[in-house]
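This report describes one strand and its place in a sheet. Please keep the sequence and the model in view while reading.

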Amino acid sequence: MKNQNLPSWMKQLTGFAGVIGASALIGFPAWAHINSNTNVANATQTQQVAGNVKTAASPAPKAASPAPTAAAKDIVAIASGDAQFKTLTKALGSAGLVTTLKGKGPFTVFAPTDAAFAALPKGTVDDLLKPANKAKLTKILTYHVVPGSVVSTSLKSGDVKSVEGSSLKVAVNAGKVTVGGANVVKADIKASNGVIHVIDKVLMPPDVK
């Protein structure tokens, strides 16, 4: 009803606007598709360029290789790399126990220092290292080894059986630990196949003189 009162020039203008609007709607999907692809392509290219610039300007820092720890080495490797165990390392070689103590284990070794070996009667060490005394040396060294990995916090007063077969007397008192009468001067050197406790005396099995 209202259109009937409109002047003829306004009716023509309204019809013309309708034609333009319809044409725009028909053409919009195709334009939107092209424009969308163009924008995505441009954005992707921009991101790639930006990424390249960022990588070139700020290269990621190279991660440092972790330093080897004692736990990554076996008992023999630790003993041979410690200056206070030169005599022990030599004795293990003479007794043929290197392969054993490099094995899976686990083992607990009460390791005498060079000073402990030096405290033995004169000529004892040289005598034990002779091929003829290999069995005796092996017996003494295995008396210092206990099956399993026993850390200091697990040590309790009492007897523990050694690999040699005889028992070792452990005494724990006010934080001080002795094994077979020897003082544990350093505990819990952890190895990949067990643990080492440093002692200040060479232990002798009951039937070895």
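Two strands pair if DSSP finds at least two bridges between them. Helices (H or I, at least four residues) and strands (E, at least two) are DSSP runs, numbered from the N terminus. This is a predicted model, in which local features need pLDDT of at least 70, side-chain atom pairs count only at pLDDT 80 or more, and totals for chains, interfaces and linings use all residues. Residues are numbered from 1 along each chain as its sequence is written, and side-chain values use heavy atoms, with hydrogens and water left out.

Strand β7 spans residues 194-199. It has two pairing partners described here, as the table shows.

| Partner of β7 | Sense | Bridges | Bridge partners |
|---|---|---|---|
| β1 (residues 107-112) | parallel | 6 bridges | Pro112 and Ile199 |
| β6 (residues 182-191) | antiparallel | 5 bridges | Ile189 and Ile196 |

Strands β6 and β7 are also joined by a hairpin through 2 residues.

In the wider sheet, 7 strands are arranged in the order β2-β1-β7-β6-β5-β4-β3, and this sheet is open with mixed pairing. Its edge strands, β2 (145-147) and β3 (158-161), each pair on one side only. On average, neighbouring strands are turned by 35° against each other, direction ignored; here axes are lines fitted to C-alpha atoms, for helices over the stretch in contact, and angles run from 0 to 180 degrees between N-to-C directions.

Are the residues of β7 buried or exposed? Buried means under 20% relative accessible area, exposed over 50%, and partly exposed in between (1.4 Å probe, protein chains only). In β7, 6 of the 6 residues are buried. Gly194, Ile196 and Val198 point one way, while Val195, His197 and Ile199 point the other way.
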